[in-house]
Amino acid sequence: MKSINLGNSGLKASAVALGCMRIAELDTSELEQLIDASLEAGIDFFDHADIYGGGRCEERFGEYLHTHPDVRDRILIQSKCGIRPGFFDFSLPHILHSVDQSLTLRRHRAGQRRGAAAPPPGYTDGAGRGR
(Lines give C-alpha, C1' and ligand atoms only; values in the text may rest on other atoms or scores of the structure.)
Protein backbone atom coordinates (compact mmCIF):
# COMPACT_ATOMS: atom_id res chain seq x y z
CA MET A 1 0.00 0.00 0.00
CA LYS A 2 1.32 3.41 -0.95
CA SER A 3 1.80 5.88 1.93
CA ILE A 4 1.26 9.63 1.88
CA ASN A 5 2.45 12.45 4.10
CA LEU A 6 -0.30 14.10 6.12
CA GLY A 7 0.50 17.72 5.45
CA ASN A 8 3.47 18.92 7.49
CA SER A 9 2.58 16.80 10.53
CA GLY A 10 5.37 14.29 10.00
CA LEU A 11 2.76 11.53 9.99
CA LYS A 12 2.41 9.04 7.16
CA ALA A 13 -0.80 7.21 6.33
CA SER A 14 -1.99 4.74 3.75
CA ALA A 15 -3.11 6.41 0.53
CA VAL A 16 -6.47 4.70 1.02
CA ALA A 17 -8.57 5.43 4.10
CA LEU A 18 -11.39 3.23 5.32
CA GLY A 19 -14.55 5.27 5.73
CA CYS A 20 -16.35 4.12 8.87
CA MET A 21 -19.72 5.77 8.26
CA ARG A 22 -21.76 2.53 8.24
CA ILE A 23 -19.92 0.28 10.68
CA ALA A 24 -22.62 0.64 13.34
CA GLU A 25 -24.75 -1.64 11.16
CA LEU A 26 -22.21 -4.49 11.27
CA ASP A 27 -22.24 -7.27 13.80
CA THR A 28 -19.05 -7.88 15.77
CA SER A 29 -17.77 -10.59 13.43
CA GLU A 30 -18.36 -8.44 10.33
CA LEU A 31 -16.66 -5.46 11.96
CA GLU A 32 -13.62 -7.53 12.90
CA GLN A 33 -13.41 -8.96 9.37
CA LEU A 34 -13.61 -5.47 7.83
CA ILE A 35 -10.93 -3.93 10.03
CA ASP A 36 -8.67 -6.99 9.92
CA ALA A 37 -8.90 -7.18 6.10
CA SER A 38 -8.16 -3.46 5.88
CA LEU A 39 -5.07 -3.83 8.03
CA GLU A 40 -3.90 -6.85 6.00
CA ALA A 41 -4.30 -4.75 2.82
CA GLY A 42 -2.07 -2.06 4.34
CA ILE A 43 -4.82 0.41 5.25
CA ASP A 44 -3.88 2.16 8.47
CA PHE A 45 -6.01 5.32 8.12
CA PHE A 46 -9.58 5.25 9.41
CA ASP A 47 -12.08 8.04 8.76
CA HIS A 48 -14.80 8.92 11.28
CA ALA A 49 -17.16 11.81 12.04
CA ASP A 50 -19.22 12.58 15.11
CA ILE A 51 -22.39 12.44 13.02
CA TYR A 52 -21.77 8.90 11.70
CA GLY A 53 -24.45 6.80 13.33
CA GLY A 54 -24.95 9.47 15.99
CA GLY A 55 -21.60 8.45 17.51
CA ARG A 56 -22.37 4.74 17.39
CA CYS A 57 -19.79 4.15 14.62
CA GLU A 58 -16.97 5.55 16.77
CA GLU A 59 -18.26 3.53 19.70
CA ARG A 60 -18.16 0.29 17.67
CA PHE A 61 -14.64 1.14 16.45
CA GLY A 62 -13.68 1.67 20.10
CA GLU A 63 -15.06 -1.77 20.97
CA TYR A 64 -12.78 -3.27 18.32
CA LEU A 65 -9.76 -1.36 19.64
CA HIS A 66 -10.59 -2.44 23.19
CA THR A 67 -10.46 -6.10 22.18
CA HIS A 68 -7.42 -5.57 19.90
CA PRO A 69 -5.18 -3.21 21.95
CA ASP A 70 -2.11 -3.91 19.81
CA VAL A 71 -3.80 -2.25 16.80
CA ARG A 72 -4.15 1.28 18.21
CA ASP A 73 -0.48 2.20 17.94
CA ARG A 74 -0.34 1.04 14.31
CA ILE A 75 -3.18 3.16 12.92
CA LEU A 76 -4.26 6.76 12.39
CA ILE A 77 -7.81 7.85 13.14
CA GLN A 78 -9.33 10.95 11.60
CA SER A 79 -12.58 12.29 12.99
CA LYS A 80 -14.51 15.24 11.67
CA CYS A 81 -17.06 17.43 13.38
CA GLY A 82 -19.14 20.50 12.70
CA ILE A 83 -22.26 19.09 11.07
CA ARG A 84 -25.29 19.54 13.29
CA PRO A 85 -28.93 18.94 12.38
CA GLY A 86 -29.80 21.77 10.02
CA PHE A 87 -26.57 23.78 10.29
CA PHE A 88 -22.79 23.73 10.67
CA ASP A 89 -21.17 24.52 14.01
CA PHE A 90 -17.43 25.15 14.00
CA SER A 91 -17.47 26.97 17.33
CA LEU A 92 -14.65 26.14 19.72
CA PRO A 93 -17.02 24.72 22.39
CA HIS A 94 -18.64 22.38 19.85
CA ILE A 95 -15.28 21.24 18.43
CA LEU A 96 -13.86 20.52 21.89
CA HIS A 97 -17.03 18.68 22.92
CA SER A 98 -16.92 16.61 19.72
CA VAL A 99 -13.24 15.73 20.19
CA ASP A 100 -13.78 14.71 23.81
CA GLN A 101 -16.88 12.70 22.89
CA SER A 102 -15.00 10.98 20.07
CA LEU A 103 -12.15 10.01 22.38
CA THR A 104 -14.60 8.74 25.00
CA LEU A 105 -16.56 6.66 22.49
CA ARG A 106 -13.36 5.10 21.12
CA ARG A 107 -12.11 4.43 24.66
CA HIS A 108 -8.92 6.41 24.08
CA ARG A 109 -6.48 7.01 26.85
CA ALA A 110 -6.01 10.52 28.14
CA GLY A 111 -3.46 12.55 26.23
CA GLN A 112 -4.14 11.04 22.81
CA ARG A 113 -5.58 14.22 21.34
CA ARG A 114 -3.18 15.31 18.57
CA GLY A 115 -4.82 18.52 17.45
CA ALA A 116 -7.76 19.88 15.57
CA ALA A 117 -7.96 21.70 12.29
CA ALA A 118 -9.91 24.94 12.16
CA PRO A 119 -12.27 25.84 9.33
CA PRO A 120 -10.84 28.07 6.60
CA PRO A 121 -10.76 31.85 7.18
CA GLY A 122 -14.07 33.53 6.36
CA TYR A 123 -16.10 30.33 6.77
CA THR A 124 -19.30 30.70 8.76
CA ASP A 125 -21.64 28.14 10.22
CA GLY A 126 -25.31 27.91 9.29
CA ALA A 127 -26.18 30.53 11.89
CA GLY A 128 -23.85 33.06 10.26
CA ARG A 129 -21.20 32.86 12.97
CA GLY A 130 -17.55 33.00 11.91
CA ARG A 131 -14.71 31.11 13.45
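**Helix H3, a surface patch and Leu18**

Visitor: In this predicted model, what covers the buried residues of helix H3?

Guide: The residues of H3 that are buried are His94, Ile95, Ser98, Val99, Ser102, Leu103 and Leu105. They cover an arc of only 165° around the axis, and therefore lie on the same side of H3. The cover over these buried residues includes helix H2 (56–67), strand E5 (76–80) and strand E6 (83–84).

Visitor: Which residues are exposed on the other side of H3?

Guide: Helix H3 runs over residues 92–105, and its 14 residues reach 20 Å from the first C-alpha to the last, close to the 20 Å expected at 1.5 Å a residue. On the side of H3 opposite the buried residues, the exposed ones are Leu92, Pro93 and Thr104.

Visitor: Is Ile51 buried, partly exposed or exposed, and what is its relative accessible area?

Guide: Ile51 sits in the loop between strand E4 (45–49) and H2, and together with Ile83 and Phe88 it makes a nonpolar surface patch of about 260 Å². Since the class of partly exposed residues lies between the limits of 20% and 50%, Ile51 is partly exposed, with a relative accessible area of 42%.

Visitor: How many Å apart in space are Leu18 and Phe45, C-alpha to C-alpha?

Guide: Leu18 belongs to strand E3 (residues 17–19) and is buried, with a relative accessible area of 14%. Leaving aside neighbours within four places in sequence, Leu18 is in contact with Leu34, Ser38, Ile43, Phe45, Phe46 and Asp47. Leu18 and Phe45 are 27 residues apart in sequence, while in space their C-alpha atoms are apart by 6.4 Å.

How values were computed. Residues are numbered from 1 along each chain as its sequence is written. This is a predicted model: local features need pLDDT of at least 70, side-chain atom pairs count only at pLDDT 80 or more; totals for chains, interfaces and linings use all residues. Side-chain values use heavy atoms; hydrogens and water are left out. Helices (H or I, at least four residues) and strands (E, at least two) are DSSP runs, numbered from the N terminus. The expected span of a helix is 1.5 Å times one less than its number of residues. Buried means under 20% relative accessible area, exposed over 50%, partly exposed in between (1.4 Å probe, protein chains only). The arc is that of the directions from the helix axis to the C-beta atoms. Contact means heavy atoms within 4.5 Å. Patches are made of residues with over 30% relative accessible area and no salt bridge: like charges are joined within 9 Å, nonpolar side chains (Val, Leu, Ile, Met, Phe, Trp, Tyr) within 5 Å. Accessible areas come from the Shrake-Rupley method with a 1.4 Å probe; for residues, only the protein chains shown count as cover. A salt bridge is a side-chain nitrogen of Lys or Arg within 4 Å of a carboxyl oxygen of Asp or Glu.
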